[in-house]
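Thanks for coming, everyone. I would like to walk through a few places where side chains and helices meet, so please have a look at the display before I go on.

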Amino acid sequence: MCNRHGEDLRQLTVCSVDPPGCTDIDDALHCRELDNGNLEVGVHIADVSHFIRPGNALDKEAANRGTTVYLCGKSIDMVPELLSSNLCSLCSNVERLAFSCIWEMNHEAEIIKTRFTKSVINSKASLTYAEAQMRIDDTSKNDDITTSLRGLNKLAKILKRRRIDKGALTLSSLEVRFHMYSETHDPIDLQTKELMETNSMVEEFMLLANISVAQKIYDEFPDCAMLRKHPALPPSNYDILLKAAKSKLLHNLSIHLKAEVSLRLWRSTQIRPRHWLTPLTWPKWIGFPYFNTLLRILTTRCMMQAVYFCSGMDSDFHHYGLASPIYTHFTSPIRRYADIIVHRLLAVAIGADSTYPDLMDKHKQSALANNLNYRHKMSQYAQRASVAFHTQLFFKSRGILNEEGFVLFVRKNAIIVLIPKFGLEGTVFFDTKDKAPPNLVFDEEGPTLKVEQHAFSIFDKVKVTISLDDSNIQHQKIRMALIDPVIPGVSVPAPDVEPQAKKPKLDR
């Protein structure tokens with residue numbers, strides 16, 4: 001089996017690092033020192049294309065679905081579970097077929113040599129991000145797996161710094177994780193996902209593999225490579241950031257956002273105080289993580305959507321967000337059909353598989369890319385709807401909560417508030433139908449909204465109540481009302497007692 005499938009890499013200390021509960025393990029990594037003092041780094045990706053052959057029933061269904069859809073507590077797989085969670089998944093202590101991208105690097109993370117090969121691997125550990133982080137941080141551990149992880153982490157930090165220096169953006173949105181009651185699957189807890197160094201470590205090598213593969217398949221097939229681009233944003237999209245730069249908070253700290261080019265735009269989301277301004281002198285509510293997150297969310301909202309395209313049908317390959325001249329998706333073939341096409345192209349490029357007519361037809365590749373873009377967008381809508389639905393279920397059993405948040409946007413009659421604790425956005429309206437509206441003055445240049453005598457600006461700290469309005473059973477909504485700042489006739493009193501979550505009743 002090993003000879004027919006490329007290299008036997010079962011002896012390497014390969015391991016995977018994924019979110020908790022992950023069963024469709026697409027990728028695994030290794031790092032080891034070579035005899036010449038350089039480092040060998042490998043990204044090993046599940047070889048789904050070995051099982052899904054062009055034109056068969058599995059292939060047609062996967063091409064139509066385009067992507068796995070991840071909902072709260074479940075997923076709608078692109079390929080059958082036997083493949084996604086078993087035969088293709090790079091589980092530990094079992095032999096698996098892979099497609100490997102292997103670099104020789106020096107200790108400054110500079111690539112000396114790149115090669116691609118079909119392979120057989122035997123992952124030595126399936127770790128969560130937290131478990132991998134604990135190994136890296138535990139100075140008493142010096143086993144092969146931990147040594148490999150430390151090498152990967154060290155190189156990833158260099159790669160990230162270099163990528164950012166070239167103008168790549170660090171974008172973000174607060175992702176939430178629901179904890180479900182096992183018997184009814186009702187949400188009983190809601191938390192924002194904590195990001196660790198190991199998240200970034202995996203991301204950096206996935207990005208590097210995608211860039212390396214993109215260049216390879218384009219060099220071999222300039223007319224029919226499946227690539228991914230991220231268009232530069234038009235100047236009008238900068239407006240919200242430029243207005244944020246005028247906010248009284250940033251003005252008082254003598255910080256100015258410059259968003260003319262990608263590099264400056266990224267740096268604008270990495271606010272650091274001037275040398276004389278220590279963290280203790282910042283307003284108390286500005287924790288660096290939340291403040292930078294607010295700026296990154298605003299930056300993310302400016303962005304255009306990244307899309308798949310066929311290289312023979314377009315001339316603009318640039319990926320704006322990654323500041324890369326060429327990019328593709330190679331690293332998640334279990335959950336993305338584009339990656340399967342890229343695997344097939346790469347396999348032909350290295351002589352590991354034969355081609356077929358549709359793979360070399362730029363018009364059919366372009367039509368496929370259009371369907372993948374549509375399916376990806378629909379999956380995003382479904383995922384957001386699932387989060388919204390489970391958020392409503394979560395708050396339904398909790399009565400009224402009061403939480404601290406930050407003003408993310410200002411509108412003519414409302415403020416959009418972000419609650420970092422829950423990763424939740426909501427709107428506080430000031431012109432409700434059930435009472436006389438307050439005096440509202442909206443300044444679009446600010447932007448500020450003056451409500452009676454109080455002016456709201458982006459980044460202001462507020463306190464709000466959160467509750468579920470189920471008066472219309474078909475259109476239930478999360479409602480927010482202002483507690484603080486106190487504006488007579490507008491603010492509501494804070495609930496005296498925080499309601500406790502009710503244990504879900506069994507559905508007998």
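Phe-317 is buried, with a relative accessible area of 12%, and I should say at once that this is a predicted model. A search of the whole structure finds eight aromatic pairs, and one of them joins Phe-317 to Tyr-218 in an edge-to-face arrangement, with 5.1 Å from centre to centre and 90° between the planes. The two partners are 99 residues apart, since Tyr-218 sits in helix α5 while Phe-317 sits in the loop between β13 and α10. Unlike its buried partner, Tyr-218 is partly exposed, at 26% relative accessible area. Ring pairs also bring in Phe-309, which forms a cluster with Tyr-218 and Phe-317, and Lys-229 lies over the face of Phe-309, at 5.5 Å from the ring centre.

What about helix α5 itself, and at what angle does its axis cross that of helix α3? The axes of α3, residues 129-137, and α5, residues 197-220, come within 8 Å and cross at roughly 100°, and the two helices are therefore roughly perpendicular to each other. On the α3 side the contact is made by Tyr-129, Ala-132, Gln-133 and Ile-136, and on the α5 side by Glu-197, Thr-198, Asn-199, Met-201 and Val-202. By class, that contact has five nonpolar, three polar and one charged residues.

Finally, elsewhere in the chain, Phe-394 is buried at 3% relative accessible area, and Phe-422 is likewise counted as buried, at 5%.

How values were computed: Residues numbered from 1 in each chain as written. Predicted model: local features only at pLDDT ≥ 70, side-chain atom pairs only at ≥ 80, totals over all residues. Heavy atoms only, no water. Axes fitted to C-alpha atoms, helices over the stretch in contact; angles between N-to-C directions. Helix = DSSP H or I, 4+ residues; strand = E, 2+ residues; numbered from the N terminus. Parallel < 35°, antiparallel > 145°, perpendicular 65-115°, else oblique. Contact = heavy atoms within 4.5 Å. Nonpolar A, V, L, I, M, F, W, Y, C, P; charged D, E, K, R; others polar. Phe/Tyr/Trp six-rings, centres within 6.5 Å; stacked < 30°, edge-to-face > 60°. Buried < 20%, exposed > 50% of the residue type's maximum accessible area, 1.4 Å probe, protein only. Lys NZ or Arg CZ within 6 Å of the ring centre and 35° of its normal.
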